[in-house]
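Subject: Handing over the structure

Dear colleague,

I am passing this structure on to you, and below it you will find what turned up when I went through it. Please have it open while you read.

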Amino acid sequence: MSGRIPETTIQQIKQGVDIADVIGDYVQLKKQGRNYFGLCPFHGENSPSFSVSPEKQIYHCFGCGAGGNVFTFLMEMDKIPFQEAAASLADRAGVVLDISPSESEQPTKTDENDDLYEAHELMAKFYRHLLLNTEEGNEALRYLHERGFTEEDIDRFQIGWALPQPEFALNILKKRGFSIERMELAGLLIKNDETGRYFDRFRGRVMFPLHDQKGRVAGFSGRDLHNGQPKYLNSPETPIFHKSSLLYHFNAARTAIKKQKQFILFEGFADVIAAVRAGFDQSVAVMGTALTEEHIRQLKRVSDQAIICYDGDNAGLNAAYKAANMLASHDISVKVTVLPEQLDPDEFIKQKGADAFSAYVKDSSLTFMAFQMDYLKRGKNMRDDEQKFQYIEEVLAEIAGLKKAVERDHYLRRLADEFSLSLQALQEQEKTLFLKKRPSTPALPKKEASTAAFSQRERAIRQYPRHETAERRLLAHMFAVPDLTERIRAMLEGDPFSIDEHQALFTYLLGYYEQTEEPDMASFLSVLQDDQLRRLAVDISLTTVNAEPGEEELRDYVKEIQKQHRRFEIEEKKRERIEAEKRHDYLGAARILNEIISLEKLLAR
């Protein structure tokens, strides 16, 4: 999409969307006062420093400095140009775009791997066509129907069929002008090293597209219908497909996760499909790998409540234990569903039905501590005193790690009842372990413990020199009350701001206010093309200033700026004096010294 969008249309779009709702699709936000806070989607963090202001329709991260309006958020988050972000928001706001063609604005390639995504999207459409509209796809379609897949399911998950022929995808991609070498890199083709010929990676398989966070097809998983190996063939690691970061169904599940305020984590995409068909739209899965830190970062942005539902066999329980520990270490509340008879979720639903699965997940999921108590028993003989006491010590160590006293008390009583032990003895031993754990997590000062966002911001403000603080506050006043701009410009008497970036913002602001009848901060950010300037503007705009500053306050800020100019002038005069003395121009050096003394007197006033 190219062309210029009229300013009136941009304003309509802004008025039709709420930045908190848009960002809330990507980040789990919690209201604190006027603003919302969450984990920044642009850098990894464990404490929320990402702020969204519905009043100003802007966002800002006090950690990495990211900031902007609703347009820049989508542009940075989804790596898309302005027109594409505007189109997405216009659709959300119910605004019809009227784009005027402009020769100066040409479509730009926003991702060096666009061709890899385009090829995957193309093949996903072809595979789906082959499944639904050809005789060759009848066997695969019958297979899916026999396993309970409806037409709606097939459409929802974009399931398709890859022909057994070795060069079907190769020929399609060739005809569409794709580089064969690039398609090998994409994982769609394989090269025979002996003959140098290329052939299709996926042949004779039911095809399940794998989407990334933005909903783009980044890879495939193909299921063999007969006894071929492997049963499931996944795309290899490519520039666009990374198992360590891709979560199956995450993009589609994001809204449901927000609504349900939890996500359900599975081991494989087949389990997710079965769970979604059973009514659990908040389901996601790792792709043939263990849970990673990147997976957790993505999930925590949208919810801090998790249910783990892995296979019921030993391998599944071990994987669930590791995953639960990782999630809990990131302050995510975890429950674990242990399925009976060592069934995996897909098998459970097939054998017992969707209703039984739904009831089991809702009624039989264990808290992480309860799961740990069961898990730590595995392989131990509770009739053997040595093994029993080893188990009790292991459980006590885990109970001591719980943050809430009421939880520690609950599980200590449960342990005492199970083994007919003295509750007081268990409490004393647990208290010793609890106190040992505490020093490793020193308490923050009360002021810093409120929110990470405000503490980071306070530290940053304390570091600014006086003249820089004065400039920031003048800009903050002008951002908040446009009518103050001309008044401040007159006070400055032509003196520029001492910080170049501040002067640039002042210059942009003057031009913006002259051309705009109803100015607002979110619109001003669209004027700033430089990312660093935009981040700085957002940061300054969040400074708390007096809504009606007095003349004396503004004069004090201006005087501080003028003093800084005198400091610069004094430093320059000192350099001139040194140069004069080097030339043996002592009369000139004396004259410059008098000028320095006069400037220092002015500075002292």
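In what order do the 5 strands of the open sheet stand, and is their pairing parallel or antiparallel? Before the reply, please keep in mind that the model is a predicted one. The open sheet has the strand order 1-2-3-4-5, and the pairing is antiparallel. Strand 1 and strand 5 (67–68) are at the edges and have a single partner strand each, so one side of each lacks a neighbour in the sheet.

Strand 3 (residues 50–53) is a good place to look in more detail. On one side of this strand are Phe50 and Val52, on the other Ser51 and Ser53, and all of them are buried, so that both faces of the strand are covered. This fits a general pattern, in which the side chains of a regular strand alternate between the two faces of the sheet. Strand 3 pairs with strand 2 (residues 35–38) in the antiparallel sense through 3 bridges, and there Phe37 stands opposite Ser51. Towards strand 4 (residues 58–61), which also runs antiparallel to strand 3, there are 4 bridges; here Ser51 stands opposite His60, while Val52 stands opposite Tyr59. Strands 3 and 4 together form a hairpin with 4 residues between them, and in its turn Gln57 has a positive phi of about 55°.

The loop of that hairpin also takes part in a salt bridge, in which the side chains of Glu55 and Arg34 meet at 3.2 Å, N to O. Because Glu55 lies in the loop between strand 3 and strand 4, and Arg34 in the loop between strand 1 (30–32) and strand 2, the pair ties together parts that are 21 residues apart in sequence. Both residues of this pair, Glu55 and Arg34, are exposed.

Further along the chain, helix 17 (residues 385–400) can be checked against its expected length. With 1.5 Å a residue, its 16 residues should span 22 Å, and the C-alpha atoms at its ends are indeed 22 Å apart, which agrees. Which residues of helix 17 are buried? They are Lys388, Tyr391, Ile392, Val395, Leu396, Ile399 and Ala400. When the helix is viewed down its axis, these buried residues fall within an arc of 165°, so they line one face of helix 17. Their packing partners are helix 16 (368–375), helix 18 (405–419) and helix 19 (423–437). At the start of helix 17, Asp384 has a side-chain oxygen that comes to within 3.1 Å of the backbone nitrogen of Glu386.

Helix 17 is also held in a salt bridge, since the side chains of Lys380 and Glu394 meet at 3.1 Å, N to O. Lys380 is in the loop between helix 16 and helix 17, whereas Glu394 is in helix 17 itself, so that the pair links distant parts of the chain, 14 residues apart. Glu394 has a relative accessible area of 25% and is partly exposed.

How many salt bridges does the structure hold? There are 33, and two further cases may be useful to you. Arg567 forms one with Glu560, with 3.3 Å between the closest N and O atoms; Arg567 is partly exposed at 29% relative accessibility, while Glu560, with a relative accessible area of 8%, is buried. A network of salt bridges links Glu76, Asp531, Arg534 and Arg535.

Helix 27 (residues 551–582) contains Ile570, which counts as buried at 4% relative accessibility. Ile570 and Ser598 are 28 residues apart in sequence, and their C-alpha atoms are 9.7 Å apart in space.

Finally, some details of the backbone deserve a look. The peptide bond between Gln229 and Pro230 is cis, with omega about -5°, and Pro230 is in the loop between strand 10 (217–224) and strand 11 (232–234). Lys79, although not a glycine, has a positive phi of about 55°, and its place is in the loop between helix 3 (70–78) and helix 4 (82–93). Glu493, again a residue other than glycine, has a positive phi near 55°; Glu493 lies in the loop between helix 23 (484–492) and helix 24 (500–515), and it counts as exposed at 63% relative accessibility.

With kind regards

Conventions: Residues numbered from 1 in each chain as written. Predicted model: local features only at pLDDT ≥ 70, side-chain atom pairs only at ≥ 80, totals over all residues. Heavy atoms only, no water. Helix = DSSP H or I, 4+ residues; strand = E, 2+ residues; numbered from the N terminus. Expected span 1.5 Å × (residues − 1). Buried < 20%, exposed > 50% of the residue type's maximum accessible area, 1.4 Å probe, protein only. Arc of directions from axis to C-beta. Contact = heavy atoms within 4.5 Å. Polar contact = N/O pair within 3.5 Å; in protein donor to acceptor, adjacent residues only side chain to side chain. Pairing = 2+ DSSP bridges. Salt bridge = Lys/Arg side-chain N within 4 Å of Asp/Glu carboxyl O.
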